[in-house]
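User: Please take me through this model, and set each label against its rule.

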Amino acid sequence: MNATAITAIALLGAAVATVVVGAYGLRVSRTTSDFLVASRTVRPGRNAAAISGEYLSAASFLGIAGLIAKYGADALWYPVGFTAGYLGLLLFVAAPLRRSGAYTVPDFAEFRLGSRRVRLVSMAVVVTICTLYLVPQYQGAGVALEALLGLPRWIGPVAVATIVIVNVVGGGMRSITLVQAFQYWLKLTAISVPAVALLFTVGSKVDLGQPLPPTVMQQTTVAVDTAVRVNVVDPAGVTVTGTVDGRPVDSEPLPGAGEHTLGSGSTVTLSPGAHTPVIVGAPATGAQWTGSGNGLGGGHPLYQVLSILVATFLGAMGLPHVLVRFYTNPDGQAARRTALVVIALLSVFYLFPTLLGAFARIFVPQLLVTGRADAAVLLLPSAAIAGTGGLLLAALVAAGAIAAFLATSSGLLISIAGAVSTDLLRGRVRDFRVAAVAGGLVPVPLALAASSFELSRGVGLVFAVAASTLCPLLVLGIWWRGLTPAGAIAGLAVGAVSSAIAGLLAVTQWVGDNFLAGWPAVIVGFPAAVTVPLAFATMAIVSRFTGATAPANVSRAFARMHLPERLGMGVERVPRG
Amino acid sequence: MVRTRVEVQEQTEVGDALVRGLVRAQLGLALRLGALVFGALAVIALLNSIFPTFSEATVLGFRPNWLVLGVLVYPVMYAIGRLFVRLTEQSERDFLRVIDAGDEA
């Protein structure tokens, strides 16, 4: 049996297991409450596994290792921030949000502010965040199927969209809880087994701090799809067919060390032992790569890191698909314990992408030529370990990757369908299904059209949108009595528009890297440090000026959110109709 | 006789003051621990950027910047989360004790 067949079987196995576990859960789903919040009976351990399973997306499973292979030490901030986000959620949101008794984020907004309009605006924000978050998941599927099976880019998004829509249309929250808990353990296995296997088989050969770029071990060819500027430290053994610096070449060596532009359609051939050319902006030598403070491409690395911290620390508490899972706990204490267990589960998981990223730099350095390192984890096992062992590990990783796309995408789609069907449509099961089909299809063209952005950076931008919108709404709503409906709407609008414009400019790369000392480019690429304070300030200031419109029953809402359940203040909200 | 539980449930002036006290205590705790975590991470980022040579040293064969950000921060974040859960549940228990004591008085 060849490599492609083994991988295809693993992919199919993971997809089928997802549907089967979901179908098992479906048999126990009966009531509306089952569908929306699993009847609020999920214990902390199970719920934490489900949250982690849903949260560890393509960005975590593939993207982080790719970023670490490419940028080195500063990429470590992404997994740190993705975990710190749950500490933020635990500190500021978990228990009061659960005690509010709401069943979606828009429902919380209406509960707290007593305004139908705020509910609709929050619903629009929820749908926007989930749709933007679906785009990198679909793109990750495209990257994976291309790298693993050689399929065209569009097949991945279409396949994942189809499976997820079928799953969500059929099931509800209760069945999804089981699926997602299962997928956490699948993903942990799929990432830890290869990492540990590599550590014990080839770990001793690794020396990452060399003064030169990594070398390839066997003859390697790299196709350059779009023109790329690379940094060459040692040109020996590197030949190019295509165009170099605008000059057509045919199997010619590079003209020398320094920066060169490789035209689109070029092919780079590296002979064994040749040092890899590295895309400009990423650290080229081993010494730069192991050092901190180089940032993630572009200028102002310290600002980049701080902005990533703001986005991830505050962004997790603005992710609708994560928040909705906290409503499934029986009470506020269980919600806190769930968040705590999530921190532990994520901490264990994130040890491994770091290891794999470091190995990828050694064993698949050719990815550094084009800078498209998202496929690193998928290509690594068979490149590092020869024979059947490598093939089986590669198949396992592939299964984990597909689990990552499916788990996150179904969670996002449930949030879209839940919000749209209860707030825009009439809240019947049929409306839920119509919304799910539409919500699953819309991101497909977006995923195909958007330029190939690194997965973790794409997800980082979505975190920035979440941190600039739902995070201030929840934090101020939970802790500040002065929040008014007008303030909430103004803050949501300012946060959403500013962070979305930044994301759009970053994806289209309209802002020159050197314009105004590089500040506009870096703020657009890492907007949270600017847009989050802006959104908080807008909400607070507009609320101050519209204080007369504050809802009348704030005291009751605060008592309900903050008092322990034993006092009997809690009321579980259910959808109308 | 003061029915403290009813005061809280009915949001009388006394009850509302009790709730405000609890919220203030919980918020203070969350803000202090949040500032501690965020501040510590920001300081690590700052140190990395001011002293890039720091990462050239090795501790037991590991680079300190990789050891800190790749491994050590995780147990610290968990420990702070645990501490928060313990303290916040403690303050809820204290709150309930005050109310129960008020009811018995």
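User: What makes A:Arg337 and B:Glu89 a salt bridge?

Analyst: A salt bridge is a side-chain nitrogen of Lys or Arg within 4 Å of a carboxyl oxygen of Asp or Glu. The side chains of A:Arg337 and B:Glu89 meet at 2.8 Å, N to O, so the pair fits the rule. Across the interface of chain A and chain B, the rule finds four salt bridges. This is a predicted model: local features need pLDDT of at least 70, side-chain atom pairs count only at pLDDT 80 or more, and totals for chains, interfaces and linings use all residues. Side-chain values use heavy atoms, without hydrogens and water, residues are numbered from 1 along each chain as its sequence is written, and chains are lettered from A in the order in which they are written.

User: How many residues of chain A are in contact with chain B, and what counts as contact?

Analyst: Contact means heavy atoms within 4.5 Å. By that rule, 48 residues of chain A are in contact with 48 residues of chain B.

User: What is the area buried between chain A and chain B?

Analyst: About 4400 Å², of which carbon and sulfur atoms give 72%. Buried area is the accessible area (1.4 Å probe) that two parts lose on being put together, summed over both.

User: Why is H4(A) called oblique to H20(A)?

Analyst: Helix H4 (residues 58–71) and helix H20 (residues 455–468) of chain A pack at about 120°, with axes 7 Å apart. Angles under 35 degrees count as roughly parallel, over 145 as roughly antiparallel, 65 to 115 as roughly perpendicular and the rest as oblique. That makes H4(A) oblique to H20(A).

Terms used: Axes fitted to C-alpha atoms, helices over the stretch in contact; angles between N-to-C directions. Helix = DSSP H or I, 4+ residues; strand = E, 2+ residues; numbered from the N terminus.
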